Amino acid sequence: MKKFLSAFLVILLNFLTVSYVTAGGSVQDNRTKIVIYTSMYDYVISAVQQNLAKAFPQYDVEFVYGGTGNLENRIATEQASGKLGCDMLMVAEPTYSIELKEKGLLYAYKSKEAQNLTFDYDKDGYWYPVRISNMVLAYNPEKYSKDSLPQSFADFANSASVKGAIGMRNPLVSGTQMASITALRDKYGYGYFDALGKQEIQIEYGSDGLITKLQSGEYKEVMILEESILRLRQENNSKLEVIYPTDGTIVIPSTIMIIDSKWSADDNTKAAEAITDWFLGPDGQDAIVTSGWMHSVRANFPKIPVGSISINQIRSTSMPVNWEESFRQRPEIQDRFQEALASR
């Protein structure tokens, strides 16, 4: 009898083990899996993931990081295969959300938190703003005085005092930078791109290059996201400072979306709905503000990123972005930008 029981237990254990082995060969638990493609920085993902684990111990939430351009290419490739590798998306700005809605890849969800948002969202529930980034100017006061530098985006592109010593990210791979050049095109026309070219602006793939050269003094001033500077100031005691441009900070709402069940990797819509509500709710927004140095999308949220000013102050003079136009005219805007810089 003992031998029979022992053999039975071995068989049962083997059966249970095989039942939870994935294609990769690792043993998994029976938690609901959700895969999120995101352009959020790794340090934000890490903090958010810890908070999500506490809020939803029943979910196995996996983040896959990529710049907006890289994620767009990945989604296009996966769409051609008939199935996406994610269940949710969190990208840099609304333009790509508009595109995916038109392609029929998104799931409409009317979040209970929508009434608390102070930024626009898709009224059908296909996408919501989840975090606010601000495109600003920045400089190193240990190398140059603020008074000697441009205080506006217009002067950034035209002041002879910084010619050959300014930088920005590549709008072909950065969603926030693409949004910014669209806003600047709308305000100043395509001549703004020509001015940047004549200024001999340098294009960096990521923010790290901008920061390194700002610290060394190679760049006198850069166009960069506010959170990149705020994080350095708090975590590394950096002396780099933000300049909120006098012609308007460019306010960029990053979006969250749920993939339609016929396209999603795991088809766990209810779990994706709960995660969306969490991100838009007080706990998710607290994680965004405190761990990402980005502003909240909720009305009258009590916290702002350390070292920043209130989002209401920023919005009062912000430079608008026409998201629909940014989507429809994206190829033209990108081509004109490349032509302007190539002809310098």
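**Pockets, cores and a covered strand**

The largest pocket comes out at about 610 Å³ in what is, it should be said up front, a predicted model. Its lining takes in 32 residues, and those lying nearest the centre are Tyr-41, Tyr-65, Arg-169, Ser-207 and Asp-208. Several elements chip in with at least two lining residues each: α2 (42-55), α3 (68-81), β4 (128-139), α6 (175-188), α8 (207-216) and α9 (226-235). Of these, α9 gives the most, with five residues. Sorted by class, the lining of this largest pocket has 15 polar, 10 nonpolar and seven charged residues.

The second largest pocket holds about 320 Å³ of space. Here 14 residues make up the lining, with Phe-119, Asp-120, Val-251, Pro-253 and Trp-323 nearest the centre. The class count for this second lining is 10 nonpolar, three charged and one polar.

Arg-169, one of the residues nearest the centre of the largest pocket, also belongs to strand β5 (residues 166-169). In a regular strand, side chains alternate between the two faces of the sheet. In β5, both faces are covered: Ile-166 and Met-168 are buried on one side, and Gly-167 and Arg-169 are buried on the other. As for partners, β5 runs parallel to strand β6 (residues 202-204), and three bridges join the two. Met-168 has Ile-203 as its bridge partner in β6. β5 also pairs with strand β7 (residues 221-225), again in the parallel sense, over two bridges. On that side, Ile-166 stands opposite Glu-221.

Turning to the packing, the largest nonpolar core has 88 residues, and the members that touch the most others are Phe-63, Ile-275 and Phe-279. A separate core of 12 residues lies apart from it, with Leu-214, Leu-232, Leu-240 and Val-242 among its members. Back in the largest core, Phe-63 keeps plenty of company from elsewhere in the sequence: leaving aside neighbours within four places, Phe-63 is in contact with Ile-36, Thr-38, Met-40, Ile-45, Val-48, Gln-49, Leu-52, Met-90 and Phe-279. Phe-279, then, is both a contact of Phe-63 and one of the three core members that touch the most others.

Lastly, Gln-329 sits in the loop between α13 (323-328) and α14 (330-342). Gln-329 counts as partly exposed because its relative accessible area is 24%, which falls between the 20% limit for buried and the 50% limit for exposed. From Gln-329 to Pro-150 the separation is 179 residues in sequence and 29 Å in space, taken C-alpha to C-alpha.

Conventions:
Residues are numbered from 1 along each chain as its sequence is written. This is a predicted model: local features need pLDDT of at least 70, side-chain atom pairs count only at pLDDT 80 or more; totals for chains, interfaces and linings use all residues. Side-chain values use heavy atoms; hydrogens and water are left out. A nonpolar core is a set of buried Ala, Val, Leu, Ile, Met, Phe, Trp, Tyr and Cys residues joined through side-chain atoms within 4.5 Å. Buried means under 20% relative accessible area, exposed over 50%, partly exposed in between (1.4 Å probe, protein chains only). Contact means heavy atoms within 4.5 Å. Helices (H or I, at least four residues) and strands (E, at least two) are DSSP runs, numbered from the N terminus. On a 1 Å grid over the protein atoms alone, a cavity is a set of points where a 1.4 Å probe fits but cannot get out, and a pocket is an open set with protein on both sides within 12 Å along at least five of seven lines; lining residues have an atom within 4 Å of a point. Grid points are joined across faces, edges and corners, and a volume is the space filled by probe spheres set on the points. Ala, Val, Leu, Ile, Met, Phe, Trp, Tyr, Cys and Pro count as nonpolar, Asp, Glu, Lys and Arg as charged, and the others, Gly among them, as polar. Two strands pair if DSSP finds at least two bridges between them.
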